[in-house]
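Here's a quick briefing on a protein model, from its surface to its cores. Have a look at the structure first.

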Amino acid sequence: MEAHLPYQPQDEREVCNQLSIRNNLITNVTNEDWGCVGIGAGFARNLNIEHNEINEVGYSGISMGWGWTPTVNVMRNNRIRANKIHHYGKHMYDVAAIYTLSAQPGSQIIENAIDSIYKAPYAHIPQHWFYLYTDEGSAYFTIRDNWTPTEKYLQNANGPNNVWAHNGPAVPDNIKNRAGLEAPYRHLLKDNSKPDAYWKINEEKPVIVELIATQPLEEEKLRAVMAKGNVPATALYRWENHYVIFEKIQDVYLLRERLKAAFPGVMIKTYDDLFYEFNRKKCADASEAKDWEHTILTANLVADPKLQREYLDYHATQFEQWPEVSKGFCNAQFQQLLLFRNGRQLMLVISTPKGESLEKLDPKTTENNPRVVEWNQRMKKYQEGIPGTKAGEVWVQMK
């Protein structure tokens with residue numbers, strides 16, 4: 001149960017103390033009870049969880065702590081170090097490779113290597129997955145030098161004095177490669193389970209949150225809500241009564257709940273159905289600009305379900321059947337092009353090198369490329385303006 005109280009027994013001999021969990025292979029487990037974890041520790045102190053490999057688990061890899069409270073209690077000096085955790089979160093979300101609760105002075109999460117969280121088909125909040133997750137009351141932790149593909153972490157209702165430093169894909173390879181079983185124990189890896197080919201792996205992508213208001217919103221208040229969720233002010237765009245946030249958002253569910261509380265009665269839509277993505281890997285010159293600018297446009301699909309299906313099918317096969325389109329994007333120096341959908345409404349994001357304008361670059365997509373002209377003409381029959389656009393107006397730009 002969620003106690004929300006500090007555990008401080010009169011007889012401290014009750015407390016798990018001085019335990020070492022080291023050099024274990026934990027694979028293909030939690031198949032009966034999906035809510036179980038690879039290694040779970042509740043009220044413990046002086047605990048070392050080191051050099052384990054954990055994979056093929058239905059929920060989190062390592063969970064340490066209990067109590068949901070920032071008040072100092074019996075837990076302290078716990079260390080999660082140099083573990084390798086991958087292919088986790090197969091069934092359950094609100095999840096992380098390493099998850100903590102409550103104050104644990106002197107505790108460390110260091111030098112772990114984390115990768116490959118599954119796309120759980122049953123997750124009720126599909127974006128609620130993380131590599132590192134310090135949950136309610138987590139306090140007095142040092143979290144540093146953990147290798148993760150991106151910085152998709154959550155710090156939810158934490159207590160004081162947590163130190164986060166040098167986590168993410170820039171952590172040196174020698175730290176990443178030391179994680180997991182030490183040399184005398186690597187013979188255990190012969191029993192490692194293979195990744196499940198039927199489950200896809202999550203990649204952190206930006207999402208769009210749209211607020212549709214009946215009157216102008218207090219933008220200062222909106223930016224304050226964004227800041228609370230670590231979303232920069234530069235992620236806000238607007239057209240008329242439509243306010244759009246475009247960014248990699250740590251916890252889109254929590255942001256939505258905060259927006260609902262701040263702006264009751266305002267329609268809030270999330271665009272996490274990314275059904276088309278172009279990036280520079282499609283180009284002969286795959287190099288990317290260091291800094292980007294984003295142009296965000298929106299339109300509706302026409303109401304005909306058959307035409308909607310045709311539109312989606314065109315985009316699903318574009319790279320194979322219309323390769324000239326991506327060649328045009330490469331010629332125009334587009335860094336990425338993303339298409340999101342929520343119902344009939346589309347959101348298009350075109351990213352260009354900073355300092356370049358879309359108006360200048362876009363003509364290069366059709367330069368000596370008649371197939372792109374044909375593509376653009378074909379797409380017109382599938383699109384129309386959203387409510388509030390002028391007659392004949394289709395795509396409108398967020399500023």
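Met 92 is partly exposed at 33% relative accessible area (partly exposed sits between buried, under 20%, and exposed, over 50%, with a 1.4 Å probe and protein chains only). Keep in mind that this is a predicted model, where local features need pLDDT of at least 70, side-chain atom pairs count only at pLDDT 80 or more, and totals for chains, interfaces and linings use all residues. Numbering runs from 1 along each chain as its sequence is written, and side-chain values use heavy atoms, leaving out hydrogens and water.

**Around Met 92**
- Met 92 sits in the loop between strand S10 (84-88) and strand S11 (95-100); strands are DSSP runs of E, at least two residues, numbered from the N terminus.
- Together with Trp 34 and Tyr 122, Met 92 makes a nonpolar surface patch of about 300 Å².
- Patch residues have over 30% relative accessible area and no salt bridge (Lys or Arg side-chain nitrogen within 4 Å of an Asp or Glu carboxyl oxygen), with nonpolar side chains joined within 5 Å.

**Cores**
- The largest nonpolar core (buried nonpolar residues joined through side-chain atoms within 4.5 Å) has 28 residues, and Ile 98 is among those with the most contacts inside it.
- S10 and S11 are among the elements giving two or more residues to this core.
- A second, separate core of 24 residues includes Tyr 276 and Trp 375.

**Thr 270**
- Thr 270, in strand S21 (residues 267-271), counts as buried at 15% relative accessibility.
- Its side chain makes a polar contact (N or O atoms within 3.5 Å, one able to donate a hydrogen and the other to accept it) with the side chain of Arg 256, at 2.9 Å.

Conventions: Patch = residues over 30% accessible without salt bridge, like charges linked within 9 Å, V, L, I, M, F, W, Y side chains within 5 Å. Areas by Shrake-Rupley, 256 points an atom, 1.4 Å probe, with all protein chains shown as cover. Helix = DSSP H or I, 4+ residues; strand = E, 2+ residues; numbered from the N terminus.
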